[in-house]
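Subject: Structure for your files

Hello,

Here is the structure I said I would pass on. Please look it over before reading the notes underneath.

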Amino acid sequence: MGHLLSTPSNLRVLRPFVATLLAVLSIAACATESPVLSVGDTDLDRAVVLAWVEARSGIAAVGEVTVDAQVTADVLSELITYEALVDLLAEHGVVASDADLAAARDRLLGAGFEEASPAMGRLPRWQAAFDATDAGVAGARSAFEENAHLVGHELCTSHILVSTEGDAADVIILLDAGGDFAELALRLSQDPGSGSQGGDLGCVPTGAFVPTFERATLGAIAAGLSLVGPVPSQFGYHVIRIDQVLPTDVVPFDDLGAGAVNTLLTIATMTREVSLDGRFGTWDPVVGLVSPPSAPAED
């Protein structure tokens, strides 16, 4: 059946909401017409962004809008990623028709989304982009072929896996101060297999790692960086070292199979221009995710 969007209770990037005053983004609900988020040719103002965070996270906003900063960052990471795919495909002539959107809507309803959900105003666009990519339409093929060099690498990496983002940031500080990567991996990494090898993961083709790890690695290669992190995954937080830049023959689009969507999502977030109001967080073009603001916003 191809790729389906996740329901709000099982988002790819949305972590469970934790009610805490330690990481809160407070934004007065006054109106503004200026875009606070731009992804390619798509501009979204603050009211739209706040409404989307509420719709996708299920956190009600009443009066003064107060939303957990990490939840906001995760929802916006998803929003940017999928809007980037829509923008990339549109650049190559793939724009969903009314029939495409209706079919995508039916698939989402069948997957458990509620018809009355305000999120249904945007999700069919994303699902239609998934469907077009899975179907291998000409524009999806040309979007891949034009940018295939960005993903045409074997991933030769080492990593240090820790439990929290703060722990990963501490690892980076130790490395910046001259710490030995292999020794730190042996001592600190929670991946016993690679940790015992100084963090070495060898060289593997794209598609072997979880999407966030792979996206950050490819982003670092494109940016000419040798170290990237913290990088979240379902396993914890990674500090990744690029050990070798090893271009390889590009896999033909027809051979990507189920990996086509993730590949185009990676390409889309690496090639779209993204601008985000700092009150909502910071878009990291290397990792491909939004980081929360360092302190609550003030109006």
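Below are my notes on one sheet and a helix that lies across it.

The model is predicted: local features need pLDDT of at least 70, side-chain atom pairs count only at pLDDT 80 or more, and totals for chains, interfaces and linings use all residues. Residues are numbered from 1 along each chain as its sequence is written, and side-chain values use heavy atoms, with hydrogens and water left out.

The sheet is open and has four strands in the order β6-β5-β8-β7, with antiparallel pairing. Strands here are DSSP runs of E of at least two residues, helices are runs of H or I of at least four, and both are numbered from the N terminus. Two strands count as paired if DSSP finds at least two bridges between them. β6 (200-205) and β7 (227-233) are the edge strands, each pairing on one side only. From one strand to the next, the twist averages 35°; axes are lines fitted to C-alpha atoms (for helices, over the stretch in contact), and angles run from 0 to 180 degrees between N-to-C directions.

β5 (residues 153-162) is joined to β8 (residues 236-247) by 10 bridges, and the two run antiparallel. H153 stands opposite P247 in β8, while V162 has Y237 as its bridge partner there. With β6, β5 pairs in the antiparallel sense over four bridges, and S158 stands opposite D200.

Nine of the 10 residues of β5 are buried, meaning under 20% relative accessible area (exposed is over 50%, partly exposed in between; 1.4 Å probe, protein chains only).

Helix α7 (residues 181-188) lies across β5, β7 and β8 and runs at about 50° to β5; contact means heavy atoms within 4.5 Å.

Regards
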